[in-house]
Protein chains: 2
Amino acid sequence: MTPTAFIVLGLLERLGSASPYELKQQATATLGNFWSTPHSQIYRTTEALAAAGLLAVRAETTPGGRGRTVYSLTRKGRRALATERRHTAADLPELRDPALLRLYFGADPAPLAVEQLAAHRRQLAAYEARRAQDDGTEPRGPWLTLRAGIAHEREWIKFWRDLTGAADGHTNRMAGSDG
Amino acid sequence: MTPTAFIVLGLLERLGSASPYELKQQATATLGNFWSTPHSQIYRTTEALAAAGLLAVRAETTPGGRGRTVYSLTRKGRRALATERRHTAADLPELRDPALLRLYFGADPAPLAVEQLAAHRRQLAAYEARRAQDDGTEPRGPWLTLRAGIAHEREWIKFWRDLTGAADGHTNRMAGSDG
DNA sequence: CCCACCATGTAACATGTTACATGATTGG
DNA sequence: CCAATCATGTAACATGTTACATGGTGGG
């Protein structure tokens with residue numbers, strides 16, 4: 001099962017039923033900060049899952065006339081989701097950061113670091129606001145991923161902060177916060 | 001400029017000249033741990049860069065008969081690389097970890113955590129071996145990205161270690177090392 | 001000499017990115 | 001009522017993944 005398929009099934013379990021458009025909105029709002037999915041892929045995936053019998057299709061006509069297609073889990077879809085949840089994956093994530101790539105190939109660290117630092121600080125603030133806003137009722141999964149996000153943002157901030165003032169001289173190394 | 005193009009130019013600056021095959025080997029060996037690139041894309045990119053005048057092409061016939069195509073930077077290619085190095089990007093990386101995705105959608109943390117913990121420990125060991133092996137002559141860029149890799153691996157290990165024993169009960173939260 | 005693996009690619013298909021299209025709704 | 005935006009998609013193209021092809025090379 002592809003990640004997108006898993007996301008579609010997982011979101012539909014929560015939402016009951018939804019159009020691909022709504023699924024995309026949900027995905028952006030909830031997973032968006034650690035996993036992005038293009039809407040084109042959501043449309044393809046809902047079609048494929050429906051063809052495979054994991055989703056039921058319903059054509060809706062909203063008052064006003066504009067139609068849309070609404071999907072919901074079938075029993076088979078529920079089973080597939082449960083099975084997939086039990087699988088464990090041993091794949092590791094990649095860092096895959098364009099800024100890191102530039103750094104690797106010899107870009108001057110300081111200007112990169114200034115931008116990255118600001119962006120990561122904004123991101124961390126957003127995460128922490130979300131955590132603060134939570135009243136303790138959010139399910140454990142999302143809460144844990146939020147925790148992971150916060151931890152890694154803090155690492156990025158440490159990393160780039162150390163580089164904001166680093167001169168681009170001949171010395172390869174510097175004293176760092178690295179243990 | 002696409003990341004792959006930047007990688008091809010950057011590697012060719014180091015290597016002087018290389019075939020797409022060699023570029024792929026180099027990319028895997030050096031960047032592989034934080035940025036992967038499929039070989040198909042390397043072949044496409046070398047062709048495109050050559051067509052744009054950033055690379056010079058030379059058809060080689062190795063003793064034995066098997067031919068290959070060797071590329072090297074043109075002056076224009078060097079200029080493009082220098083320009084690109086000066087650009088700063090404000091895009092943030094995504095975590096994009098399949099295990100995190102499962103966690104988000106309610107997978108039982110413990111079994112996931114066991115596998116992830118082991119895998120991240122191996123990865124950290126590999127990074128640290130590389131750092132230990134370095135005699136201080138490695139350029140700063142690679143050394144910095146290695147440092148980032150190590151820091152994040154440590155975060156992942158903390159994260160998953162806290163989850164290896166977590167019961168999958170009704171309590172949403174637990175005491176964590178999060179500060 | 002044969003099998004396995006390295007070197008060197010090409011091709012088919014899946015996924016991701018970006019642009020376009022079009023009907024409703026709403027703020028000015 | 002016009003422009004912007006939301007809702008709802010389709011399509012074109014770029015990139016990534018995976019399978020296949022084929023010539024050399026080295027070990028048993």
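This dialogue covers the contact between two protein chains and the surroundings of one DNA strand in a predicted model.

Trainee: What should I know before reading the values?

Mentor: In this predicted model, local features need pLDDT of at least 70 and side-chain atom pairs count only at pLDDT 80 or more, while totals for chains, interfaces and linings use all residues. Residues are numbered from 1 along each chain as its sequence is written, chains are lettered from A and ligands numbered from 1 in the order in which they are written, and side-chain values use heavy atoms, with hydrogens and water left out.

Trainee: How many residues does each chain bring to the contact?

Mentor: Contact means heavy atoms within 4.5 Å. Here chain A brings 74 residues and chain B 74 residues.

Trainee: How many salt bridges are there between chain B and chain A?

Mentor: A salt bridge puts a side-chain nitrogen of Lys or Arg within 4 Å of a carboxyl oxygen of Asp or Glu. The count between these chains is two. In one salt bridge, Arg102(B) pairs with Glu84(A), with the closest N and O atoms 2.9 Å apart.

Trainee: Which residues are closest to DNA strand D?

Mentor: A residue is near a strand if one of its heavy atoms lies within 4 Å of it. DNA strand D is surrounded by 23 residues, the closest being Tyr21(A), Arg66(A), Arg68(A), Ser40(B) and Arg44(B). A polar side-chain atom of Ser40(B) is 2.9 Å from a base oxygen of the strand. For Tyr21(A), a side-chain N or O atom is 3.3 Å from a phosphate oxygen.

Trainee: What share of the strand's atoms within 4 Å of the protein is sugar or phosphate?

Mentor: Sugar or phosphate accounts for 54% of those atoms, and bases for the rest.

How values were computed:
A polar contact is a pair of N or O atoms within 3.5 Å; within protein, one must be able to donate a hydrogen and the other to accept it, and residues adjacent in sequence count only if both atoms are side-chain atoms.
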